[in-house]
Amino acid sequence: MKVIRTRSQERVLRLLKTIKHSISAQDIYIKLRKRNQGIGLATVYRSLEALKLEGLVQVRTLSNGEAVYSLIKQDKHYLTCLQCGNSIPIKQCPVNQLESDLQNNHNFKIFYHTLEFFGLCNHCQIQQAAEETA
């Protein structure tokens with residue numbers, strides 16, 4: 001069954017294909033407006049939601065609560081510092097077999113997964129230690 005997308009969904013999808021990193025809905029809105037593609041912020045959110053439900057876009061919530069979006073290319077895994085907010089991508093995936101088992105055992109189509117660990121990066125650990133000894 002072929003999915004019929006709105007013009008706004010196509011615009012958002014085309015933009016995401018040109019961006020190599022995750023981006024907020026507000027930044028998508030600004031980039032589309034700069035390209036003279038009239039679209040409202042609410043329409044950007046609706047388009048992202050529709051594309052997410054279609055399995056084309058994934059969303060990730062940063063430590064500051066902001067949602068960022070990207071095309072689903074591969075599963076994403078991060079170490080995220082709670083102090084500075086820096087996210088360090090990690091390459092290996094410890095849950096690939098679990099994902100496969102869940103799909104098979106529950107007849108559930110998984111589009112993607114995320115795995116995120118929260119703590120303090122090396123820089124923030126050093127800064128915190130210096131503050132404690134001062």
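Which residue does the side chain of glutamate 116 meet in a salt bridge? In this predicted model, the partner is arginine 60, and the N to O distance is 2.9 Å. Glutamate 116 sits in strand E6 while arginine 60 belongs to strand E2 (residues 57-61), so this pair ties together parts that are 56 residues apart in sequence. Arginine 60 has a relative accessible area of just 10%, and since anything under 20% is called buried, that's the label it gets.

While you're looking at E6, find phenylalanine 117, which is also in that strand (residues 114-119). Phenylalanine 117 is partly exposed, at 43% relative accessible area. On the surface, Phe117 joins Leu79 and Ile88 in a nonpolar patch, and together the three have about 250 Å² of accessible area.

Back to the charges. Searching the whole structure turns up four salt bridges, and the one between glutamate 116 and arginine 60 is among them. For another, go to helix H3, where lysine 52 pairs with glutamate 49 and the closest N and O atoms are 3.1 Å apart. Both residues lie in H3, three residues apart, which is about one turn of the helix. Lysine 52 comes out as partly exposed at 25% relative accessibility, and glutamate 49 is partly exposed too, at 36%.

Now swing over to arginine 5, whose side chain meets that of glutamate 10 in a salt bridge, 3.1 Å from N to O. Arginine 5 is partly exposed, with 26% relative accessibility, and glutamate 10 is partly exposed with a value of 26%. There's a third member to look for here: Glu54 is linked with Arg5 and Glu10 in a network of salt bridges.

Next, the helices. Two packed helices are described by the angle between their axes and the distance between the axes. For helix H2 (residues 25-34) and helix H3 (residues 41-53), the angle is about 120° and the axes are 9 Å apart. The crossing of H2 past H3 is right-handed. On the H2 side, the contact is made by Ala25, Gln26, Ile28, Tyr29 and Leu32, and H3 brings Leu41, Val44, Tyr45 and Leu48.

One last stop is serine 8, in helix H1 (residues 7-18). Is serine 8 buried or exposed? Serine 8 counts as buried, because its relative accessibility is 17% and the cut-off for buried is under 20%. What does serine 8 touch, leaving aside residues up to four places away in sequence? Its contacts are Ile39, Thr43 and Ser47.

Technical notes. Residues are numbered from 1 along each chain as its sequence is written. This is a predicted model: local features need pLDDT of at least 70, side-chain atom pairs count only at pLDDT 80 or more; totals for chains, interfaces and linings use all residues. Side-chain values use heavy atoms; hydrogens and water are left out. Patches are made of residues with over 30% relative accessible area and no salt bridge: like charges are joined within 9 Å, nonpolar side chains (Val, Leu, Ile, Met, Phe, Trp, Tyr) within 5 Å. Accessible areas come from the Shrake-Rupley method with a 1.4 Å probe; for residues, only the protein chains shown count as cover. Helices (H or I, at least four residues) and strands (E, at least two) are DSSP runs, numbered from the N terminus. Buried means under 20% relative accessible area, exposed over 50%, partly exposed in between (1.4 Å probe, protein chains only). Axes are lines fitted to C-alpha atoms, for helices over the stretch in contact, and angles run from 0 to 180 degrees between N-to-C directions. A crossing is left-handed if the near helix is turned anticlockwise from the far one by less than a right angle, and right-handed if clockwise. Contact means heavy atoms within 4.5 Å.
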